[in-house]
Amino acid sequence: MTHIKNVQEVDQFVAPIGTTLDRFITQRQQEFPYAKGELSQLLRDIGLAAKIVNLAIVKSGLSGIEGLYGEQNVHGEDQQKMDVVANVRFIRALTRGEEVCAIVSEEEDGIVDTGHCDAKYIVAMDPLDGSSNIDVNTPIGTIFAIYRRKSEVGTPPTEEDVMQKGQNQVAAGYVMYGASTMLVYTTGHGVNGFTYEYSLGEFILSHPNIKTKPSGNYYACNEGYWNDYSQGVKDYLNYCHDQHYKTRYSGSMVADFHRILLKGGIFMYPSTKKDAQGKLRLLYECNPLSFVMEQAGGKAHNGIQRILEIEPKSLHQRAPLVMGSADMVDKLAEMVQKYAK
Ligand code: AHM
Ligand code: MG
């Protein structure tokens with residue numbers, strides 16, 4: 001019989017599993033000296049909802065939840081059945097967790113009051129981004145931002161609680177449902193990524209302290225809108241062509257963003273002739289990913305201003321978005337601003 005003497009000896013023949021999301025969140029709680037554990041619980045609730053949505057996505061082709069739901073959301077876009085499933089799952093998990101007083105969702109017109117007016121956090125989310133990719137089995141994602149409410153704890157939450165600049169986020173991140181499902185988040189102390197281990201049902205730390213390179217050779221942009229872009233954006237795209245940068249654009253921002261976060265490059269959804277503010281929503285698409293990108297050492301801009309400094313005026317406000325490797329975002333901003341003078 002083998003006698004196990006110490007942990008190092010055991011590690012030689014039984015590899016450690018690594019750090020689970022739960023354990024990581026608990027360890028990191030010490031970074032917030034006055035935290036009482038509510039944010040940790042809230043992050044765990046997001047992890048739980050992500051697992052449930054992941055399960056629904058994995059089974060969608062077999063269980064008949066692909067395709068259109070038959071209604072439009074607040075933006076006049078056709079809802080997919082999976083948009084609705086993800087929205088309900090996240091709202092339910094965040095409500096039952098009792099740490100959130102209000103939720104803003106791409107799929108909801110106004111704020112969702114969870115009934116927990118003693119809770120101090122607000123969540124803004126896109127429950128399923130890139131959902132037009134569901135039926136073709138391409139990666140899709142959930143994007144989330146967490147804010148502290150402005151109004152007094154104990155009172156009903158208001159829209160004002162949600163109208164905060166991105167720089168006020170206390171945490172933000174995304175879940176990417178893809179070849180591997182991953183959860184990546186920041187609490188303002190760097191960015192960490194976790195890969196879902198199916199048989200254990202746990203997210204395991206796989207990408208600690210992610211850093212984005214200052215420059216890269218990928219660009220993600222829908223060049224189908226070329227005729228509608230400003231001259232500054234066209235100049236930058238021509239520069240990308242001259243540099244022989246590689247195009248990688250899937251129409252699923254979380255997937256395109258994830259590549260750039262890990263490999264370097266630039267993602268852009270600029271304004272067009274038709275949509276001066278582009279397509280992407282400030283509170284739950286631009287802000288959270290911009291916070292993650294900045295925490296990884298990259299930049300996020302609307303061409304004129306840092307995304308995280310934009311004062312929101314409405315729940316579903318849009319903003320042109322450019323984010324990625326710092327040198328590339330600077331170069332684009334310089335080209336765009338040349339015409340703004
Ligand atoms: P959605 O929230 O309705 O899914 O829209 C957001 C998505 C992003 O993931 C993606 O970058 C963009 O829309 C693609 O739009 P387009 O097809 O105009 O390039
Ligand atoms: Mg979206």
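Q: How do the residues of the shell around ligand 1 divide into nonpolar, polar and charged?
A: Sort each shell residue by its side-chain class, then count. In this predicted model, the shell around ligand 1 holds six nonpolar, five polar and seven charged residues.

Q: How many residues surround ligand 1, and which are the closest?
A: List the residues near the ligand; here a heavy atom within 4 Å qualifies a residue. The count for ligand 1 is 18. Asp-129, Tyr-225, Tyr-249, Met-253 and Tyr-269 are the closest.

Q: Which elements give two or more residues to that shell around ligand 1?
A: Map the shell onto the secondary structure. Ligand 1 occupies the space of the largest pocket. Two or more shell residues come from β5 (121–129) and likewise from β13 (266–269).

Q: From which domains does the shell around ligand 1 draw at least three residues?
A: Now map the shell onto the domains. Domain 1 (18–207) supplies at least three residues, and so does domain 2 (218–340).

Q: Where does a polar side-chain atom lie 2.6 Å from an oxygen atom of ligand 1?
A: Look for N or O pairs within 3.5 Å. Asp-129 provides the 2.6 Å case, through a polar side-chain atom and a ligand oxygen. Lys-279 has a polar side-chain atom 2.8 Å from an oxygen atom of ligand 1. For Glu-285, a side-chain N or O atom is 3.1 Å from a ligand oxygen.

Q: How much of the accessible area of ligand 1 does the protein cover?
A: Compare the ligand on its own with the ligand in place. On its own, ligand 1 has 470 Å² of accessible area. The protein covers 86% of that area.

Q: Turning to the backbone, what is the phi of Glu-98, and where is this residue found?
A: Check the sign of phi, then the residue type. Glu-98 is not a glycine, yet its phi is positive, about 70°. Glu-98 sits in the loop between α4 (81–97) and β3 (100–105).

Q: And what is the phi of His-244?
A: Apply that check again. His-244, a residue other than glycine, has a positive phi near 60°. The loop between α6 (231–242) and β12 (246–247) contains His-244.

Technical notes: Residues numbered from 1 in each chain as written. Chains lettered and ligands numbered in written order. Predicted model: local features only at pLDDT ≥ 70, side-chain atom pairs only at ≥ 80, totals over all residues. Heavy atoms only, no water. Polar contact = N/O pair within 3.5 Å; in protein donor to acceptor, adjacent residues only side chain to side chain. Areas by Shrake-Rupley, 256 points an atom, 1.4 Å probe, with all protein chains shown as cover. 1 Å grid on protein atoms, 1.4 Å probe; cavity = no way out; pocket = protein on both sides within 12 Å on 5 of 7 lines; lining within 4 Å. Sits in = over half its atoms within 2 Å of the grid points. Helix = DSSP H or I, 4+ residues; strand = E, 2+ residues; numbered from the N terminus. Nonpolar A, V, L, I, M, F, W, Y, C, P; charged D, E, K, R; others polar. Domains from an automatic or database assignment.
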